[in-house]
Amino acid sequence: MAAKKKTPPRPPAVKRCDPCKGTGEVPVSVRIGRKRRVVGQQNGLCLNCLGTGEAPTD
């Protein structure tokens with residue numbers, strides 16, 4: 001009789017970060033001039049998860 005292969009256990013599902021929705025990037029407004037008017041957006045690092053996309057554990 002052949003021995004059955006054991007499958008490794010699955011790792012627990014990782015929760016996604018809420019502000020970046022798991023991407024690790026958030027939109028950041030670009031401001032120009034003395035009146036600091038908004039001219040566009042660029043991608044920035046998510047400060048909640050530090051770019052990993054996983055929800056931090058407290």
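Select Gly 40 to begin: at 25% relative accessibility, this residue counts as partly exposed, because the class of partly exposed residues lies between the buried limit of under 20% and the exposed limit of over 50%. The model on display is predicted.

**Around Gly 40**

Keep Gly 40 selected and extend the selection to residues 37–45, which form strand β2, the strand that contains Gly 40. Next, display the contacts of Gly 40. Leaving aside residues up to four places away in sequence, Gly 40 touches Val 28, Ser 29 and Val 30. Which of the residues in β1 should be highlighted as the bridge partner of Gly 40? That residue is Val 30. A distance label may then be placed between the C-alpha atoms of Gly 40 and Val 28: it should read 8.5 Å, for two residues that are twelve apart in sequence.

**The strand pair**

Now select residues 25–32, strand β1, together with β2. The two strands run antiparallel, and eight bridges join them. Proceed to the turn of this hairpin, where four residues stand between the strands. Select Gly 33 there and inspect its backbone: phi is positive, near 90°.

**Two positive phi values outside glycine**

Move to Arg 36, in the loop between β1 and β2. Phi of Arg 36 is positive, near 55°, although the residue is not a glycine. Arg 36 counts as partly exposed because its relative accessibility is 47%.

Then select Lys 21, in the segment before β1. Here too a residue other than glycine has a positive phi, near 55°. Is Lys 21 buried or exposed? With a relative accessibility of 57%, Lys 21 counts as exposed.

**The whole chain**

Finally, clear the selection and view the entire chain. The secondary structure consists of two strands and zero helices. Along the principal axes, the C-alpha trace spans about 80 × 25 × 10 Å. The radius of gyration is 21 Å, whereas a compact globule of 58 residues would have a value near 10 Å.

Colouring by accessibility shows how the residues are covered: 14% of the 58 count as buried. The accessible surface of the chain amounts to about 5800 Å², and carbon and sulfur atoms account for 53% of that area. Colouring by charge brings out 12 positive and 4 negative charges, whose mean positions lie 6 Å apart. As a last display, draw the contacts between residues at least 6 apart in sequence; 38% of them join residues at least 24 apart.

Notes. Residues are numbered from 1 along each chain as its sequence is written. This is a predicted model: local features need pLDDT of at least 70, side-chain atom pairs count only at pLDDT 80 or more; totals for chains, interfaces and linings use all residues. Side-chain values use heavy atoms; hydrogens and water are left out. Buried means under 20% relative accessible area, exposed over 50%, partly exposed in between (1.4 Å probe, protein chains only). Contact means heavy atoms within 4.5 Å. Two strands pair if DSSP finds at least two bridges between them. The radius of gyration is taken over C-alpha atoms; the globule rule is 2.2 Å times the number of residues to the power 0.38. Accessible areas come from the Shrake-Rupley method with a 1.4 Å probe; for residues, only the protein chains shown count as cover. Lys and Arg count as positive and Asp and Glu as negative; His and the chain ends are not counted. The place of a charge is taken as NZ of Lys, CZ of Arg, CG of Asp or CD of Glu.
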